[in-house]
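Grab a pencil and work through a few exercises on the model shown below. Try each task yourself before you read its solution.

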Amino acid sequence: METKKDFLKNLFYLIKILWQYNHRIFVLFMSIVIFSSIVPLIEIWIPKVLLEGIIKDRDIREMIILLSFLAFGVWGLNIWVGYLQKEYNRMISVARTDCFGDLLMNKTYQMRYYLLEDPKIQQLFEKARMVSFSDKEGVEGILRNLQLILSKGLTIIGLGVIIAQLSPLIVILLVIGVSSNIWILNKVKNKELLMRDENTAYDRKLNYYQDKMSDFSYGKDIRLYQLTEWISNKHKEAASGRLVNQKKISNAYFSIDLFRGMYILVQESLIYSFLIYEVVIKGMGIDDFSLYFGAIASFSTVLIGIITSGTSIIQFSKCISDMRLLMEMENELGGKYTDKIKGEIIFDKVEFKYPGCDKTIYKDFNLCIKAGEKVAIVGKNGAGKTTLTKLLVGLHKCDSGRILIDGKDTREIESKTLYSFFSVVFQQINQYAFSLKENIAFQEQGSIETNKLKNVIDESGLVKVVEGLQNGIETSLRKDFDPSGVDLSGGQAQKLALARALYKDAPILILDEPTAAMDALAEAKLYEQFNHLVGDKTAIYISHRLSSTRFCDKVVLVDEGHVVEYGTHKELMDLRGIYWEMFNAQRYYYQEKIVEEEIAVGEV
């Protein structure tokens with residue numbers, strides 16, 4: 001549960017960010033607090049002034065002037081406060097999304113990648129998003145309630161001074177009554193906070209199901225496999241769990257309302273009996289009676305508002321704690337490399353398992369890849385080949401052991417600098433809603449090198465694709481923003497990925513099963529094309545198929561987190577081990593290519 005110290009830290013953190021974003025918010029904040037606190041005090045004085053004038057038979061014109069002044073003053077103040085409030089609400093609403101929403105979104109892309117794959121961090125993100133999710137909670141909820149607390153606080157000081165003139169005991173009774181109600185309310189609020197993690201899990205599921213049901217790219221699967229009812233049932237199941245928790249909270253609040261109603265009935269009966277006694281027995285004037293009556297009625301309402309707002313702030317403050325935890329987590333650092341990278345890679349006793357998983361992916365893993373060497377890393381599906389890529393490029397950290405590039409431990413290299421060492425083509429090739437040119441270079445239009453772009457389009461085989469597009473390389477991919485945008489086919493997307501890798505021109509190139517959707521012959525041709533283009537750079541080809549192995553300098557067979565076989569294609573074939581079995585099992589699919597190569601070298 002959040003402590004007072006944590007709450008104050010969160011409040012100062014919030015104020016600091018807002019002050020840097022737009023300090024005009026605080027000018028409006030203080031103006032509203034001051035002016036809105038005055039209005040209720042004037043309003044309870046107006047009946048007293050009116051009744052006092054009637055009792056003392058004051059001049060009617062003086063009374064009209066005085067009451068008109070007070071009425072117009074209250075009217076003017078309300079209009080002014082309303083204007084300030086509207087402007088303040090607009091500004092904090094913009095701050096919620098433009099400032100805090102952007103901070104969280106940017107943190108998603110700045111944070112070290114291995115943290116994002118941790119389920120606990122994903123859960124933390126979901127909770128922290130409440131900062132900018134709603135105008136009733138998070139940042140906006142805190143700011144609205146903080147304003148109410150301060151303005152009502154000034155009002156209640158004035159009301160307390162008025163009531164104390166009648167009897168200080170009434171002030172004490174009112175405070176005790178409200179405090180007891182708030183104590184019970186806090187119990188419910190704490191219960192609601194305890195359910196927060198469970199509700200967040202439900203919310204993540206609901207958001208996932210809603211996103212997938214409305215994502216056009218899932219439309220084919222949903223229709224062909226008739227997934228609508230199945231996913232809808234999962235959505236209903238999560239919604240039901242969320243609703244059960246909500247009902248528990250609603251029932252608790254209903255019980256509070258019953259208790260509060262009974263308590264207020266008893267409290268007000270005692271207080272108003274005392275007022276009647278003062279009028280009937282002690283001879284209190286009706287003008288004073290109206291003043292005290294109004295002050296007492298307002299006191300309870302205002303005090304309840306203050307404490308309710310306070311408990312809400314404490315509740316909403318929890319997402320600020322979550323946000324602070326996220327913002328303090330390690331970011332990607334560094335830039336492009338300046339020294340020349342030769343490309344020697346050494347895995348030295350590497351051990352690794354994913355966060356939250358018991359299964360060890362790699363244990364005592366050792367491998368040396370010389371600079372300029374072409375290496376195929378092969379193995380069955382699930383052998384951990386892609387994980388090896390993530391470890392090498394720095395998306396994940398090994399639990400123990402070292403990964404060296406040109407003799408330097410990758411843990412000593414800043415993440416962004418390490419990323420710049422590699423051109424990687426992953427199995428999932430994403431097409432972004434930008435122009436084809438920008439999808440290759442990943443740079444602003446004015447920064448793209450035209451000649452370099454033309455060369456990589458030629459080398460990657462994208463020329464015919466570009467020629468077939470209405471706007472050439474300026475054509476938008478996808479239809480998110482441009483109705484005339486295009487979706488590249490699987491083969492075209494693979495050429496796009498190859499062009500990206502060539503344009504980046506990093507010293508180490510990795511193909512991580514980007515051709516899984518291709519047949520074996522097409523895959524072999526693409527790998528050979530890529531091998532021809534990489535020149536003397538270090539290149540790693542990762543696949544569960546063996547079409548890339550014959551032209552590589554070395555073949556590494558990975559199984560159960562270890563290198564189980566290592567050598568040239570011929571050496572491993574002569575070994576007649578696992579590689580030999582896998583190659584012969586797949587031989588049929590690219591038999592034509594193998595025969596052609598064997599004839600060419602005189603093997604048959």
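## Exercise 1: The pocket lining

H18 contributes the most to the lining of the largest pocket, giving 5 residues. Keep in mind that this is a predicted model.

**Task.** Describe the largest pocket: what is its volume, and which residues are closest to its centre?

**Solution.**
- Step 1. Start with the volume, which is about 2,200 Å³.
- Step 2. Now go to the middle. The pocket is lined by 50 residues, and Leu395, Tyr419, Phe426, Tyr432 and Phe442 are the closest to its centre.
- Step 3. Look up which elements give two or more residues to this lining: among them are helix H3 (60-110), helix H13 (385-393), strand E6 (422-425) and helix H18 (490-504).
- Step 4. Sort the lining by residue type, and you get 23 nonpolar, 12 polar and 15 charged.

## Exercise 2: Naming ring pairs

**Task.** How are the rings of phenylalanine 35 and tryptophan 80 arranged, and how are those of tyrosine 362 and phenylalanine 365 arranged?

**Solution.**
- Step 1. You need two values, because a pair of aromatic rings is described by the distance of the centres and the angle of the planes.
- Step 2. The whole structure holds 14 aromatic pairs. For phenylalanine 35 and tryptophan 80, the ring centres are 6.5 Å apart and the planes are at 80°. Planes over 60 degrees apart count as edge-to-face, so that's what this pair is.
- Step 3. Find the two partners along the chain: phenylalanine 35 is in helix H2 (residues 24-55) and tryptophan 80 is in helix H3, 45 residues apart, so the pair links distant parts of the chain.
- Step 4. Check how exposed they are. Partly exposed covers the range between 20% and 50% relative accessible area, so phenylalanine 35, at 28%, is partly exposed, and so is tryptophan 80, at 38%.
- Step 5. Do it again for tyrosine 362 and phenylalanine 365: with centres 4.8 Å apart and planes at 70°, this pair is edge-to-face too. Both of these residues are buried.
- Step 6. Go back to the pair from Step 2 and add a ring: Phe35, Trp80 and Tyr83 are linked into a cluster by ring pairs.

## Exercise 3: The whole chain

**Task.** How many helices and strands does the protein chain have, and what percentage of its residues is buried?

**Solution.**
- Step 1. Count the elements: there are 22 helices and 10 strands.
- Step 2. Of the 604 residues in the chain, 44% are buried.
- Step 3. Finish with the contacts that have a separation of 6 or more: 76% of them come from residues 24 or more positions apart.

How values were computed: Residues are numbered from 1 along each chain as its sequence is written. This is a predicted model: local features need pLDDT of at least 70, side-chain atom pairs count only at pLDDT 80 or more; totals for chains, interfaces and linings use all residues. Side-chain values use heavy atoms; hydrogens and water are left out. On a 1 Å grid over the protein atoms alone, a cavity is a set of points where a 1.4 Å probe fits but cannot get out, and a pocket is an open set with protein on both sides within 12 Å along at least five of seven lines; lining residues have an atom within 4 Å of a point. Grid points are joined across faces, edges and corners, and a volume is the space filled by probe spheres set on the points. Helices (H or I, at least four residues) and strands (E, at least two) are DSSP runs, numbered from the N terminus. Ala, Val, Leu, Ile, Met, Phe, Trp, Tyr, Cys and Pro count as nonpolar, Asp, Glu, Lys and Arg as charged, and the others, Gly among them, as polar. Rings of Phe, Tyr and Trp (its six-membered ring) pair if their centres lie within 6.5 Å; planes under 30 degrees apart count as stacked, over 60 as edge-to-face and the rest as tilted. Buried means under 20% relative accessible area, exposed over 50%, partly exposed in between (1.4 Å probe, protein chains only). Contact means heavy atoms within 4.5 Å.
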